[in-house]
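Biologist: I am new to this structure and would like a close look at a single part of it, namely the aromatic rings and what lies around them. Please take me through them slowly, and then show me how they connect to the helix packing.

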Amino acid sequence: MDSGHAEYRVQREIIDEQRLKERSQRMDPSQINLPIFHRLKKSLSCSTHRLKHSIVGFLPVLSWLPRYSIWDYGMPDLISGISVGIMHLPQGMAYALLASLPPVFGLYTSLYPPLIYFIFGTSRHISIGTFTILSIMIGSVTERLAPDSDFLIYNGTNVTEEVDIISRDLYRVQVAAATTVLGGLIQVVLGLVQFGFVGTYLSEPLVRGYTTAASAHAVVAQLKYILGVSPKRFSGPLSIVYILADLFTLLPETHLPTLLAGVVSIVVLITAKELNNALRQKLLVPIPVELCTIVVATVISFYTQLNESYKISVVGEIPSGLQSPSIPNASVFSEVVLDALAMAIVGYAISISLGKTFALKHGYKVESNQELVALGLSNTVGGFFQCFSVCSSMSRSLIQESTGGKTQIAGVVSGVIVLVTVLKLGSLFQELPKAVLAAIVFVNLKGMFKQYYDIVTLWRSSKIDLLIWLVTYVSTVLFNLDMGLGASMGFALLTVIFRTQRPTYSLLGHLPGTELYLDLETHMEVREVPGITIFRSSATMYFANAELYLEALKKKSGLDIGKMLTYKRRQEAKQRRRERRAERRARRETKRQKRALREASRRSKKAVFSVEEEAGQSNGDMHREVELAWRERENSTVFVIPETARTSDGHHTWMYLKGTDPETTTLGSVSDLHDGDTTTLDSSSEDTLSHDLERVSLGSLGKWTWDIHSIILDFSTANFIDTVAIKTLRNIFHDFGEIGVDIYLAGCQALVVEQLERGGFFSDVITEGRVFATVHDAVLYCLKHRGAETIHCYENALDMSGTRL
């Protein structure tokens, strides 16, 4: 670089990968490339501080309970716990119907799991207990493994229409408990192996589409209680369609008193809830609408004898007291493992999203892995006490937070409320109509019904998220909750693969006065660096899009490297064929010439000089002799002249020219000659042609022209690279190098560089000096090492804009 371009000399050090490694080693060499033994020893070492931290991490209650202030938190937690406990009563019994279990088991589920979560949970505001979605999932399992058809009462050879409800419910409880325990164990294991991130695979559109579809299943499941009919039970794909078809045929048999009780309960609940929301700012605590509804309905049913007089189905016997723990039926584990896995993932995803929402609002942290362990232990321990799967409830959690709850003491208080009800008050709800509990489920699904508006919102914001929502909804409605979850997760992952397989490719230009490089198509103020193409992909290059990456690079750079190299190799092959033909023709002509010369030497009458003997004569004599030899050649096609003077050993190098006249025959360049135009022979050796012709270049062939000497691949968006991508990169470096275009990498993360090293990417040809910390470093390097002409062009361009690189 000359002095005229001194201002373009690098004003700071250019950082490539080699210099970056040297600097990192100088900073802290003791922390680089530690042996695996030392790293393992450090991870397994134990100290008092580390032991204490581990215990407190596994038992979070020890971190806040010793510092609990009764004066500051006691009264808010008490009020909040009572409010949530009152909600647990109707919801527990109603959601037990969703799970196809006796209502009392919904109360058990509202008692034990919150007490376990109090010890192991990290969220202060979520309310653990029954939830609509998990109750529906449990119901699908219990009805599939314990259908009514398996418990029909036989009377001799005839089968009556009666079902052995006691035996059926007993087995359904065993199935629900076994599924809950297995799901809890899965959650615990996932939490212990730090798999708390598994919930991130359930995106918000997927979860909302899934819960909306689950609400459709819940509505269909409760219609039989509202209409007072007994449809057939179906399971498996399209079961909801078959149930709706059966309900449609049973509409003429609708039990009007039951329908009236259900509709009145729905109207009362909706009206009371709306009033509750309107007066929310004026009320100290929300009015327990659901509890008031079931109390009033129970009193009316008891005094009017609704069950006996109008045949309205009621809850029935609710045993007082607690049941002793029992070991779950492990024989059904193999039949429910997929359902348990689905419930484990869905329950955790709902709980962690709700917990993080409250944590962000109140300024504390929720540990994902510990939440998974806490939820798993709540389900595992609860399963031993005949509970079914639990997670956090949106409605109860909002009540716990809005009524001033500060810690999980509120969960303990709500558990005490449920405990008192189970021990002393449970029998009072025996006359409660099931239609009222179904009405409570209907009204609590109002929030999920509003999620249908997501279709409009997602249509405006993201078509792909809308597609995920719709596929999740349709697959869950048609294929049931377990298969629907698997199908929706698979489809969501496919959209990720599709988006990474079809990323956005762009060429970058320099923003004058900065070190920024932006998209040339979207930023008008950026300028292209002459001679340098900067290429960027919006996604990581890996096996699924490596070929597409190469195609986009060829298209954006304007260099179809495949066709160019194919053309070049064809020309080189053609040149080699010409060379071989010329060699063979020259040999034949040489032999013919030698024979002619030998014959001429024998003819003493003709004055034809021997070519070898008279090569040292004067130029004038040589010209006359060669001209005479030319005229006397019958074919008059080959003319032979010495190219160099006689060497010390008496040898010459001869040039054979093809033509009709020695005065007009001339030598041409490699690109101008035709087959066998020129060849060189050494007369002191056997007559062979030299193979040292200059390699054919695309520039000399004249088919393509380009002004690019460097291509910089911006890898700042790449977070990993696989072997297929490494091979593609190596081919890019090699192929573009054949046409004189240098390739450089910029912005690689440390992990990507490490993977390049392990993949054998670097070599004597492709060194770490071709990897730069930033795009600007790579540009400066290219401007410094690829000629002053390009820099001069860029200098003029920048002078016109009044800026400097």
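**Aromatic rings and their surroundings**

Modeller: In this predicted model, Arg770 lies over the face of Tyr744, at 6.0 Å from the ring centre. A second charge over a ring is found at Trp459, where the charged end of Lys463 sits 4.6 Å from the ring centre.

Trp459 and Lys463 also take part in a contact between two helices. Two packed helices are described by the angle between their axes and the distance between the axes. Here the axes of helix H21 (residues 454-461) and helix H22 (residues 463-501) come within 6 Å and cross at roughly 150 degrees, which makes H21 roughly antiparallel to H22. On the side of H21 the contact is made by Asp454, Ile455, Leu458, Trp459 and Ser461, and on the side of H22 by Lys463, Asp465, Leu466, Trp469 and Leu470. By character, the residues of this contact between H21 and H22 divide into 6 nonpolar, 1 polar and 3 charged.

Turning from charges over rings to rings beside rings, a search of the whole structure finds 23 aromatic pairs. One of them joins Phe151 and Tyr171, whose ring centres are 6.4 Å apart and whose planes stand at 45 degrees, so the pair is tilted. This pair links distant parts of the chain, since Phe151 is in the loop between helix H8 (132-145) and strand E2 (152-155), while Tyr171 belongs to helix H9 (residues 165-192), 20 residues apart. Phe151 counts as buried, at 16% relative accessibility, whereas Tyr171 is partly exposed, with a relative accessible area of 26%.

Another pair is formed by Tyr542 and Phe543, with ring centres 5.2 Å apart and planes at 90 degrees, so this pair is edge-to-face. Tyr542 counts as buried at 10% relative accessibility, but Phe543 is exposed, with a relative accessible area of 59%. Ring pairs can also join into a group, as they do where Trp64, Tyr68, Tyr73 and Phe118 are linked into a cluster.

To return to helix packing, helix H19 (residues 434-444) is mostly covered, with 9 of its 11 residues buried. Among these buried residues is one with an aromatic ring, Phe442, along with others such as Leu437 and Ile440. The buried residues of H19 pack against helix H5 (70-98), helix H10 (204-227), helix H12 (256-278), helix H13 (289-304) and helix H20 (446-449).

Note on methods. Residues are numbered from 1 along each chain as its sequence is written. This is a predicted model: local features need pLDDT of at least 70, side-chain atom pairs count only at pLDDT 80 or more; totals for chains, interfaces and linings use all residues. Side-chain values use heavy atoms; hydrogens and water are left out. Axes are lines fitted to C-alpha atoms, for helices over the stretch in contact, and angles run from 0 to 180 degrees between N-to-C directions. Helices (H or I, at least four residues) and strands (E, at least two) are DSSP runs, numbered from the N terminus. Angles under 35 degrees count as roughly parallel, over 145 as roughly antiparallel, 65 to 115 as roughly perpendicular and the rest as oblique. Contact means heavy atoms within 4.5 Å. Ala, Val, Leu, Ile, Met, Phe, Trp, Tyr, Cys and Pro count as nonpolar, Asp, Glu, Lys and Arg as charged, and the others, Gly among them, as polar. Buried means under 20% relative accessible area, exposed over 50%, partly exposed in between (1.4 Å probe, protein chains only). Rings of Phe, Tyr and Trp (its six-membered ring) pair if their centres lie within 6.5 Å; planes under 30 degrees apart count as stacked, over 60 as edge-to-face and the rest as tilted. A charge sits over a ring if NZ of Lys or CZ of Arg is within 6 Å of the ring centre and within 35 degrees of the ring normal.
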